[in-house]
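Biologist: I should like to learn how the features of a structural model are read. Please take me through them one at a time.

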Amino acid sequence: MKRIALLGATGSIGRQALEIIDAHPELELCAAASGSQPIDGLAPLTQAGGDLTQLLDRAQPDLVLNAVVGFAGLSTTLWALEHGVELALANKESLVAAGELALAAQRHGGGLLIPVDSEHSAAFQCLEARSPEQVHSLVLTASGGPFRNRTRDELEDVTPGDALAHPTWNMGPKITVDSATLANKGLELIEAHFLFGLPYEQIEVVIHPSSIVHAVVRFRDGASLAHLGYPDMRVPISFALTYPERAATPIAPLDLASGVTLEFHAPDLETFPLLALAREAGQKGGTLPCVFNAANEVAVAAFLEGRLPFLAIAEVVADALAASDGVAAHDLDELVAADAEARRHAEEALKVA
């Protein structure tokens with residue numbers, strides 16, 4: 001029996017995780033948490049809001065599935081890593097913002113970290129048991145979101161409703177907007193750097209509209225391994241929760257004879273500059289990835305509330321990055337301070353955007 005603490009139980013990942021847990025008797029939900037929505041009775045221990053590490057202290061789970069949205073998931077990521085508890089990580093933002101601190105916590109705790117993002121789960125599977133020196137490069141795929149092939153002029157008046165109409169994935173609002181701006185792929189680029197120990201120049205992003213290929217790993221001998229499957233988050237969730245068993249899921253196997261087309265092309269960094277901004281922030285390091293994430297969270301929230309135009313999301317993030325010194329954080333308190341300062345600056349930028 002594997003005892004699971006599910007954080008972010010009412011979100012898209014959380015709801016699908018509950019489906020996986022219910023389908024497998026060897027998985028037991030020992031604790032569940034939501035941001036604010038009451039979930040009494042969902043698990044033996046539940047919590048809505050507040051410090052989720054206190055819930056984990058009481059639950060003492062075998063595995064933590066962190067599906068909290070944004071920087072708010074950082075403390076539970078560090079808790080699991082420091083305590084050596086297996087971590088299924090769907091909260092990419094905590095690793096983006098605190099990559100060095102998270103790696104140090106994992107070295108101390110010694111627990112297993114399995115990514116739940118579809119691309120990183122795919123890369124994890126292609127890379128498993130292979131040393132970094134065998135890898136030539138990693139390719140992360142992006143659907144391109146609902147605005148693929150549009151020009152900047154065509155994005156002037158898009159609405160939150162337009163941005164939330166994702167063509168291939170069913171996700172929560174924040175990550176769906178991030179997909180539309182390519183910020184999500186920027187966050188995943190930084191996450192992949194920390195997860196797999198690869199320098200940024202060895203990580204490539206390509207647009208792949210059908211979302212069939214989730215990642216490709218090129219090796220030094222000229223071979224490439226790709227992870228393929230229909231776009232369904234239950235696959236990486238199940239992989240993480242049942243690892244290393246690869247339990248059955250109710251997902252149809254890929255039918256190649258049906259006429260699967262695999263199309264790839266380079267992202268349009270002029271129309272969607274957040275991907276390039278994320279790469280630059282990651283390469284410069286320090287707290288700049290944290291600043292990128294914080295300013296993006298503020299800007300996306302403002303866009304969803306109708307207070308910011310779509311194209312101004314990147315402008316707010318660029319402004320926050322330019323204003324930051326990016327000095328590395330030595331502990332969580334310094335990182336929280338950097339996050340707060342970036343959010344303050346982004347909120348000020350909203351007033352003139």
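Biologist: Before the details, how many of the nine residues of helix 10 (residues 234-242) are buried?

Modeller: This is a predicted model, in which local features need pLDDT of at least 70 and side-chain atom pairs count only at pLDDT 80 or more, while totals for chains, interfaces and linings use all residues. Residues are numbered from 1 along each chain as its sequence is written, and side-chain values use heavy atoms, with hydrogens and water left out. Helices (H or I, at least four residues) and strands (E, at least two) are DSSP runs numbered from the N terminus. Buried means under 20% relative accessible area, exposed over 50%, and partly exposed in between (1.4 Å probe, protein chains only). By that criterion eight of the nine residues of helix 10 are buried, so the helix is largely enclosed by the rest of the structure. The buried residues are Arg-234, Pro-236, Ile-237, Ser-238, Phe-239, Ala-240, Leu-241 and Thr-242.

Biologist: Which residues have the most contacts inside the largest nonpolar core?

Modeller: In soluble globular proteins, nonpolar side chains tend to be buried together. A nonpolar core is a set of buried Ala, Val, Leu, Ile, Met, Phe, Trp, Tyr and Cys residues joined through side-chain atoms within 4.5 Å. Here the largest such core has 119 residues, and those with the most contacts inside it are Val-64, Leu-138, Leu-241, Phe-292, Phe-310 and Ile-313. Helix 12 (residues 288-304) gives the most to this core, with 11 residues. Contact means heavy atoms within 4.5 Å. Leaving aside residues up to four places away in sequence, Ile-313 touches Val-177, Thr-181, Leu-274, Asn-296, Ala-299, Val-300, Phe-303 and Leu-308.

Biologist: How does one read the strand order of a sheet, and which strands form the open sheet of six?

Modeller: Two strands pair if DSSP finds at least two bridges between them. The open sheet of six strands has the order 3-2-1-4-5-6, with parallel pairing. Its edge strands are strand 3 (45-48) and strand 6 (113-115), each of which pairs on one side only. The twist averages 20° from one strand to the next. Within this sheet, strand 4 (residues 63-66) and strand 5 (residues 86-89) run parallel and are joined by four bridges; Leu-65 has Ala-88 of strand 5 as its bridge partner.

Biologist: Which strands does helix 2 (residues 52-59) lie across?

Modeller: Axes are lines fitted to C-alpha atoms, for helices over the stretch in contact, and angles run from 0 to 180 degrees between N-to-C directions. Helix 2 lies across strand 1 (2-7), strand 2 (27-34), strand 3 and strand 4, and runs at about 175° to strand 3.

Biologist: What is the strand order of the open sheet of four strands?

Modeller: The order is 8-7-9-10, and the pairing is mixed. Strand 8 and strand 10 stand at the edges with a single partner strand each, so one side of each has no neighbour in the sheet. Helix 9 packs on the sheet, touching strand 7 and strand 8, and its direction makes about 150° with that of strand 7. Strand 7 (residues 135-142) and strand 8 pair in the parallel sense over five bridges, and Leu-140 has Val-205 of strand 8 as its bridge partner. Four of the five residues of strand 8 (residues 203-207) are buried, so this strand is largely enclosed by the rest of the structure. By contrast in direction, strand 9 (residues 213-219) and strand 10 (residues 224-228) run antiparallel, joined by five bridges. These two strands form a hairpin with four residues between them, and Gly-222 in the turn has a positive phi of about 95°.

Biologist: At what angle do the axes of helix 8 (residues 173-181) and helix 9 (residues 183-196) cross?

Modeller: Two packed helices are described by the angle between their axes and the distance between the axes. The axes of helix 8 and helix 9 come within 5 Å and cross at roughly 95°. That makes helix 8 roughly perpendicular to helix 9 (angles under 35 degrees count as roughly parallel, over 145 as roughly antiparallel, 65 to 115 as roughly perpendicular and the rest as oblique). The contact is made by Lys-174, Ile-175, Asp-178, Ser-179 and Thr-181 of helix 8 and Ala-183, Asn-184 and Leu-187 of helix 9.
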